[in-house]
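This report introduces a structure to a reader who has not met it before. The sequence and the model are shown first.

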Amino acid sequence: MYASRGYRLLRAKIDGGPDVEWEPVASYHAESWRKLTSSFTLTHRLFRDGFHALAVLPSGHLVAAVAGAIITLAPGETRFRISHKISRGTRPLHITATPDGRVYWGEYFDNPHREEVHIYGSSDHGNTWSTAYTFPPGSIRHVHNIVFDEWANCLWILTGDNGLECRVQRAACDLAQVDEILSGNQQARAVAAVPAVNGLYFSSDTPLESNHVYCLDRSNQLAELGALTSSSIYGCRVGNAIFFSTMVEPSEVNRDDSVRIFGSREGEPFQPVLSWKKDGWPMRFFQYGNAFFPDGPNISGVLALSTIAVNGGDLQTSLWRIAAG
């Protein structure tokens, strides 16, 4: 598992045992002022410092997102370098890699005029980037996530935010074909998606309606598996257990003041298993309360998560052993 402390990347072997030893991997040479702000909890939150996404390629290369840039690390190196400067928005929400070494990320920016939106791809370990797919003007606001599905050997593309902009799409791994599977309502507005053998699990991310967890099975049949207490933008799988987190994003519908983790064995109803109350710092400046999960497969039997803007867990990573069952 990889984790960051400011602009230093660490890793540890997670085997379910009680002892976890972290070792340094590499660092990113951020601007001098960010080195200062990332050293303190509140300024780290205020300026959105640190690593925001990370993909591990089959070659051993690492591709990550920091504010304003995509950065790349080759095997044996200890310093990330900028491979792409982001011109719209500050960073993508996720980066995904396929087994053949392709890497993708989608543009995530405010886009009030609904300009065209690009998915960028790289086939040389993240060293250079080109436009791999473009959503035409007026079609979406931005890309929420791109997820590789090992069982269907495909990509899932999630977009938002309103009406027909909310889409769950299935795509070939080279993006030569993109098919719309779900669209047109706030329950198709999703960021978190977790592939499993029986289908795609995803959670809705809307401040306008109650949120839920769904499973889209391999025949494209949709089943609701449980209600959530707020918007959800992170999910993960640990063995045959699946988890989604909620964030404290107040609206007339979402009134919960706690970050919650909902979990399920595959196919069972989702139930709340952990919670943290939002701290008192203003959300506009110091971020919504949330819990982040790492991307990628996890057979360790340990749930890893990082919480932010909550009492008793601000900017902390914790590990939870999943009971057998």
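The text below treats a group of strands, the nonpolar cores and one buried acidic residue.

**Strands and their pairing**

The model is a predicted one. Strand β20 covers residues 234–238, and 5 of its 5 residues are buried, so β20 is largely enclosed by the rest of the structure. Burial applies to both of its faces: Y234, C236 and V238 lie on one side, while G235 and R237 lie on the other. Strand β22 is likewise largely enclosed by the rest of the structure, because 6 of its 8 residues are buried.

The table lists three antiparallel pairings.

| Strand pair | Bridges | Sense |
|---|---|---|
| β20 and β21 | 5 bridges | antiparallel |
| β21 and β22 | 5 bridges | antiparallel |
| β22 and β23 | 6 bridges | antiparallel |

Individual residues show how these strands are set against one another. V238 has A241 of β21 as its bridge partner. The hairpin of β20 and β21 has 2 residues between the strands, and G239 there adopts a positive phi near 60°. Further along, I242 stands opposite S264 in β22, and F262 stands opposite P272 in β23.

**Nonpolar cores**

In soluble globular proteins, nonpolar side chains tend to be buried together. Here the largest nonpolar core contains 19 residues. The residues with the most contacts inside this core are F243, I261, W276, F293, L303 and L305. At least two residues of the core come from each of β20, β21, β22, β23 (271–277) and β25 (302–308). The strand that gives the most is β20, with 3 residues.

I261 illustrates the surroundings of one core residue. Leaving aside neighbours within four places in sequence, its contacts include F243, W276, F293 and L305, and also S245, Q271 and P272. Another core, of 15 residues, lies apart from the one just described; I146, F148, C173 and L175 are among its members.

**A buried glutamate**

E249 is located in the loop between β21 (241–245) and β22 (258–265). Which side chain of opposite charge is nearest to E249? It is that of R189, 5.7 Å away. E249 is buried yet has no salt bridge; a salt bridge would require the relevant nitrogen and oxygen atoms to be within 4 Å. The side chain of E249 does, however, make a polar contact with the side chain of S231, at 2.9 Å. Not counting residues up to four places away in sequence, E249 touches D205, S230, S231, N254 and Y288.

Conventions
Residues are numbered from 1 along each chain as its sequence is written. This is a predicted model: local features need pLDDT of at least 70, side-chain atom pairs count only at pLDDT 80 or more; totals for chains, interfaces and linings use all residues. Side-chain values use heavy atoms; hydrogens and water are left out. Helices (H or I, at least four residues) and strands (E, at least two) are DSSP runs, numbered from the N terminus. Buried means under 20% relative accessible area, exposed over 50%, partly exposed in between (1.4 Å probe, protein chains only). Lys and Arg count as positive and Asp and Glu as negative; His and the chain ends are not counted. A polar contact is a pair of N or O atoms within 3.5 Å; within protein, one must be able to donate a hydrogen and the other to accept it, and residues adjacent in sequence count only if both atoms are side-chain atoms. Contact means heavy atoms within 4.5 Å. A nonpolar core is a set of buried Ala, Val, Leu, Ile, Met, Phe, Trp, Tyr and Cys residues joined through side-chain atoms within 4.5 Å. Two strands pair if DSSP finds at least two bridges between them.
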